[in-house]
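Here are my notes for anyone opening this one for the first time. Have the chains on screen and go through the points in order.

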Amino acid sequence: MSDPVLEVEDLTVSFPTEDGVVRAVRGVSYQLRRGEVLGIVGESGSGKSVTSMAVMGLLPASARVGGSVRYRGQELIGAPDKELQRIRGGRIAMVFQDPMTSLNPVYPVGDQIAEAVRAHNDVSVAAARERAVDLLAAMQIPRPRERARDFPHEFSGGMRQRVVIATAMANDPDVIIADEPTTALDVTVQAQVLQALETARAATDAAMVLITHDLGVVAGSADRVLVMYAGRPVELGGVDDIYYTPRMPYTLGLIGSLPRLDGRSERLVPITGAPPSLLDLPPGCPFAPRCPMRAEICDTDEPDLLAVGATDHLAACHFSADLDGRRPEDVFAQTSLDSAGGAR
Amino acid sequence: MLTYTIRRLLVSIPVIIASTFIVFLLVTLSGDPLANLKGRNPPPSPQVVAVEAERLHLDQPILQRYWTWITGVVHADFGPSVRTNVDIGHEIVTRFGVTLRLIAVAVVLALLLAVFVGVVSAVKQYSGIDYGFTFAAFLFLSMPSFWFAVLLKQGGISLNNLVGGQVVSTIGERSVIVEGGTWAHLTDAAGHLVLPTISLALISFGAWSRFQRASMLDVLNSDYVLFARAKGLSRRRVVVKHALRTALIPMVTITALDFAALISGAVITETVFQWRGLGDFLVSSVNERDAYAVLAWLLVVAVAVIVFNLIADLLYALLDPRIRYE
Amino acid sequence: MSEHLSTVAAPTTRPVSTVKQRSQRELVLRRFLRHKAAVISLVLFIAIVLLAFVGGAVWRYGYADITPAASVPPSAEHPFGTDNLGHDTFAQVLRGTQRSIEIALLIALLAGLFGTLWGAFSGYYRGLTDSIMMRIADLVLTLPLLAVAAVLTRATSGSWWFVALVIAALQWAYVSRVVRGVVLSLREKEYVEASRALGATDRWIIFRHLIPNALGPIIVNVTILVAAAILVETALSFLGLGVQPPDTSLGLLVSEADTAVSTRPWLFYFPGAFIVLIALTINFIGDGLRDAFDPTQRKVRP
């Protein structure tokens, strides 16, 4: 097995706000190997986007970042901006959530791609433009030479996202971080954009971090999955481990709330309640208030992320052993009524 | 774009007519323009008064008087002035030139200063520099222009006394007699421009720098600036090429709109520094109840407002590829 | 970035949550109090108002009193000195401050009220009504304040409330445009829809739903209008087109002192400094209110 290209170790991020310190990320660790796709799943506010912004070194100045992020062994946290500039867009590229706002409205898209090329390569403007046209062609944009001169507003959402992906792959990066790349798009174009991402990843042989709240997206694309809740990783494992033998009630709940198209008619099982505020989190497991398996220890001790069952499968739950072989409806169904009543 | 321009100009004609009509009514109803004449000692004969009344079209009903005026304007005839020695059309053109010179220089100065201060403030938000610039902007925003102008004038006089010569002029737009060639005329004009320009520029600077700061902050917090950073561009390049370029678009509009407003705003500056510009023309015309002169002034201001509104919109289309007029 | 903010705002089901649900009013107040310059300005402004109205009433000289000391510089007897006739400048400045504040507040009240109603009705009814009402507002905006005020004060006595009326008659259009913009977006909100479905009258919706919810921008704009009104009134009075003697205002005092600025500078500096102080404090209060009502403008302070 090759050395990891990206190692994140015990990453913490907090933001001072008017009401106190928001601890957005509380100890995230993962490793990414060449060509591997890691899916990060969680509700909004679980810290998955903040984690990737920390990797890119693009958090606002007020953020306090701890822990370690290493690219091929080189520490990025606290590295000088000059150094980060070389890595950003060059070695680690990013695709943002909303293609409608990630492109500058006043420049033609070709120029914006060429700009990324020239930021990392000493080439002429003409050569960079030529590369931009090639990239647009690779992203299946029709008539790329003419389209390169068009402005972002002349493209549809799905096409803009492909322009963004073209920009991300411009410098053959080792890592592509895609932050909810399909969330802002129409369902009909989501598949195209995922396809474009896979094309870009395959062309550059990069590793990819695919951030999403949609387990369906992850199932089709990821090799491994990291589930986050309230700023913490709560389960990490191979995509099959996560789908077929989840060991954390939250993961189980996420799977239970996913509609199935394979003909088995089951009731969807909702997770009641909402994620906790990240201000002054009380002790204990942050999922406890919504958890059907909650016990006394859950209110006092926050469980560690520990190995369960198969190799490379980690979960953070005091009762992960009890979850072996249980299905969402076993855990959630009979209690969902009570807790729904309790929450209202 | 041309059709759009023409349509915009046509649409604004009714606005000009309505606006001049209201002001015409106000001036006409505000008092008797012959009061000065009638108040003379010894009183003028009724014939003299009647001749003067006829010259000023006072014998016509009000609506007809307005009609006479507006049809005259089409033929570049701005109507008779109460002051017999004044040709309104000629006077307004000369004075417009004087005021325009003052405003143009002041706007350029204010704009450069405001953009610089606004950008630095936004990039260094909540730093000591930002707080300093914010206070300065609010101070100039709260400064009555006449007080500030008199203050500057006083400062100019002290400076001249200190140096023992005429460094900056504090009265008028040019010296009565200038000896020497073009160069002497130019330096003379420049010397007269310094103080009024500063006083006019700093007042606009207050509001504009706040606007530039807000617009810059908006852009700096946008996704595409973050994405530009994610591409690996340097902070400087992102601020200048991506943020400033886009943040200037609304600023251009504000400047164009305020440019017209400054024509009436310059009244105070002109009064303090005794420039014979449009402002001084308005004040004296009002004092004389010179209805046609006030209307001529209003016409110039209204046309300027409309033209600059149009320029603002056209510039917007030029700078922002998302905007297209057909 | 937006993600963690939304988490903070999200209501939590955890009963022991330490983030209390605060009312909108509390939040606005809290944010305003965090704006130090605004709080200091508010205290200063109240102090100036008290000084002008209470201090003016108890001060040993009236503004029209002619004291035996003519043209004396500031002293313990006359803190701001006297003019060439022997008027106590301190008494005159206090009186001028009263007038200027009265005028500015009256303008804000009239223009704020009328502009709010105009904008709310225009935005609520849309269509032809909106077009007509907004064209009228546009027309008012094209009338140059200086010319209209000049003409009207010439024609009348130039009493202070009339000056206020003239300025308000031209300034309301700014307020109406702002309110219309807010109402246009508010009227599409679900609660307005719900209210309409329940059979509420137009008037009820405008007064119970739209105007109260547009109050933030209205308050901010009216505050800034007060600062602008102070400057407009003093400028008009300076040109001799505003408040007329024997009444006085800060602008009139500066204009009377204009010629004496090198010989009796105290006559010029004190009224001018009061104008700056009043306008500055109100502008900062407006800035604080803007931050308090619209926190999205604000990043987290480091």
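**Notes on a predicted model**

1. Start with how the two domains of chain A meet: 22 residues of domain 1 of chain A are in contact with 18 residues of domain 2 of chain A. On the domain 1 side, the elements giving two or more residues are β2 (20-33), β3 (37-41) and α9 (215-221) of chain A. The largest share there comes from β2(A), with 9 residues. Sorted by class, this side of domain 1 of chain A has 10 nonpolar, 7 polar and 5 charged residues. Do keep in mind that this is a predicted model.

2. Where do those domains begin and end? The domain assignment of chain A puts domain 1 at 6-222 and domain 2 at 227-331. Their C-alpha centres lie 28 Å apart.

3. Now look for the sheet in chain A. It is an open sheet of 8 strands with mixed pairing, and the order is β6-β7-β8-β3-β9-β10-β12-β11. Which strands sit at the edges? They are β6 (92-95) and β11 (306-307) of chain A, each of which pairs on one side only.

4. Within that sheet, take a look at β9 (residues 224-229) and β10 (residues 232-238) of chain A. These two strands run antiparallel, joined by 6 bridges. If you want a place to get your bearings, find A:Tyr229, which stands opposite A:Arg232 in β10(A).

5. Two helices of chain A are worth finding alongside the strands. Helix α7 (residues 157-168) of chain A packs on the sheet and touches β6 and β7 (175-179) of chain A; its direction makes about 175° with that of β6(A). Helix α11 (residues 249-256) of chain A lies across β3, β9 and β10 of chain A, and runs at about 105° to β9(A).

6. On to chain B, beginning with its contact with chain C. How many residues take part? There are 35 from chain B, in contact with 33 of chain C. On the chain B side, two or more residues each come from α1 (2-30), α6 (128-141), α7 (145-163), α10 (235-273), α11 (278-287) and α12 (291-319) of chain B. The largest share, 8 residues, belongs to α1(B). As for class, this side of chain B has 26 nonpolar, 9 polar and no charged residues.

7. Chain B also touches chain A: 19 residues of chain B are in contact with 24 residues of chain A. Here α9 (223-230) and α10 of chain B each supply at least two residues on the chain B side, and α9(B) gives the largest share with 7 residues. The class breakdown for the side of chain B that touches chain A is 7 nonpolar, 5 polar and 7 charged residues.

8. Last, a helix pair inside chain B. At what angle do α7(B) and α10(B) pack? The angle is about 30°, and their axes are 9 Å apart. Their crossing is right-handed. From α7(B) come B:Ser145, B:Phe146, B:Ala149, B:Val150 and B:Lys153, which meet B:Ile268, B:Thr269, B:Val272 and B:Phe273 in α10(B). The residues of this contact divide into 6 nonpolar, 2 polar and 1 charged.

Key. Residues are numbered from 1 along each chain as its sequence is written. Chains are lettered from A and ligands numbered from 1 in the order in which they are written. This is a predicted model: local features need pLDDT of at least 70, side-chain atom pairs count only at pLDDT 80 or more; totals for chains, interfaces and linings use all residues. Two residues are in contact if their C-beta atoms, placed from the backbone, lie within 7 Å. Helices (H or I, at least four residues) and strands (E, at least two) are DSSP runs, numbered from the N terminus. Ala, Val, Leu, Ile, Met, Phe, Trp, Tyr, Cys and Pro count as nonpolar, Asp, Glu, Lys and Arg as charged, and the others, Gly among them, as polar. Axes are lines fitted to C-alpha atoms, for helices over the stretch in contact, and angles run from 0 to 180 degrees between N-to-C directions. A crossing is left-handed if the near helix is turned anticlockwise from the far one by less than a right angle, and right-handed if clockwise. Domain bounds come from an automatic or database domain assignment. Two strands pair if DSSP finds at least two bridges between them.
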